[in-house]
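Biologist: Got a minute to go through this model with me? I'd like to start with the pocket.

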Amino acid sequence: MANSVRRFGQYEVIILRDGLFEASADVLIHADGDVARQRAVEVLGKPTFQVDVNCFALRDADGIILVDAGTGTAWGPKYGHARSALHDAGITPGQIQRILLTHIHGDHALGLFDGDDPYFPNAEIYVPERDFAFFTDPAAREAMPEARRGGFKVAAQLQQIYGSRIRRIGEGQVFAGIEARTLPGHTPGHAGYLVRSDDPADAANNALLIWGDTVHLAGLQASDPKIGLAFDVDPATAVRTRQATLEDAAREGWVVAGGHISGFCRVQKTSEGYQIVQA
Ligand SMILES: [Zn+2]
């Protein structure tokens, strides 16, 4: 856990590990079709894979901001450890007044709920507006296969439990030193948050992009950004976003962290693609 706290701009950023998600290699997809997909499965070299489920606490003099909220108790005892990680950091749920969501999927938002009550009784929830619009649209829900409607259920719970405390956000500055960036594809309004100092000299060499689910598998998807997961709502857009974001992060020298990659990382360009290395 040595690599789980760092300072960016005015914030101390704490990675809160919620659990470890295991999935079958069957969920891998590839923009170039079946042969390329089969090759990706061979490179993976195992029938299942595991990735972190992370959320983040950003602490400054004004309080605590969360980016995503983990799974709470919804996914059982193997998950939900973000809550104990918050406790270990000396943070109580009642202290948190601002929560930013990268997107409305269960592993990022179910931790907002305590049954039918808010787990964070004093928090406002900042949601990318396009994600909110999509996951509250009955027609979009109907068009989605039954097994993939989890986000719609989460959005309904969010409305029911947080109601008037939901804030819809677009691109640009959300709070001092935090900029929302639209990274669409995984979900229609999927967003990342760029955390950096207002001082250009500091910002240039010490910026953090919390990129949500832009990359799930750090090794595979950096070397071949055309590899996606079946959970991507719009796989083609997710590929373009992944390529552009890896390029931006490599060029700008940003530190990156996310919902499913481990620790604080950097992106390096290679002859064939990119690699994600610990920062
Ligand atoms: Zn996720």
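Modeller: Sure, one definition up front: Ala, Val, Leu, Ile, Met, Phe, Trp, Tyr, Cys and Pro count as nonpolar, Asp, Glu, Lys and Arg as charged, and the others, Gly among them, as polar. By that split, the lining of the largest pocket has 11 nonpolar, eight polar and five charged residues. Keep in mind this is a predicted model, where local features need pLDDT of at least 70, side-chain atom pairs count only at pLDDT 80 or more, and totals for chains, interfaces and linings use all residues. Residues are numbered from 1 along each chain as its sequence is written, and side-chain values use heavy atoms, leaving out hydrogens and water.

Biologist: Which residues lie nearest the centre of the largest pocket?

Modeller: Trp75, His105, Gly106, Asp107 and Phe231, out of 24 lining residues. Pocket here means an open set of points on a 1 Å grid over the protein atoms alone, where a 1.4 Å probe fits, with protein on both sides within 12 Å along at least five of seven lines; lining residues have an atom within 4 Å of a point.

Biologist: And which element gives the most to that lining?

Modeller: α6, with five residues.

Biologist: Is Gly106 buried or exposed?

Modeller: Buried, at a relative accessible area of 12%; the cut-offs are under 20% for buried, over 50% for exposed and partly exposed in between, with a 1.4 Å probe and protein chains only.

Biologist: What does Gly106 touch?

Modeller: Gly70, Thr71, Trp75 and Val154, not counting residues up to four places away in sequence. Contact means heavy atoms within 4.5 Å.

Biologist: How far is Gly106 from Val255 in space?

Modeller: 25 Å, C-alpha to C-alpha, and they're 149 residues apart in sequence.

Conventions
Helices (H or I, at least four residues) and strands (E, at least two) are DSSP runs, numbered from the N terminus.
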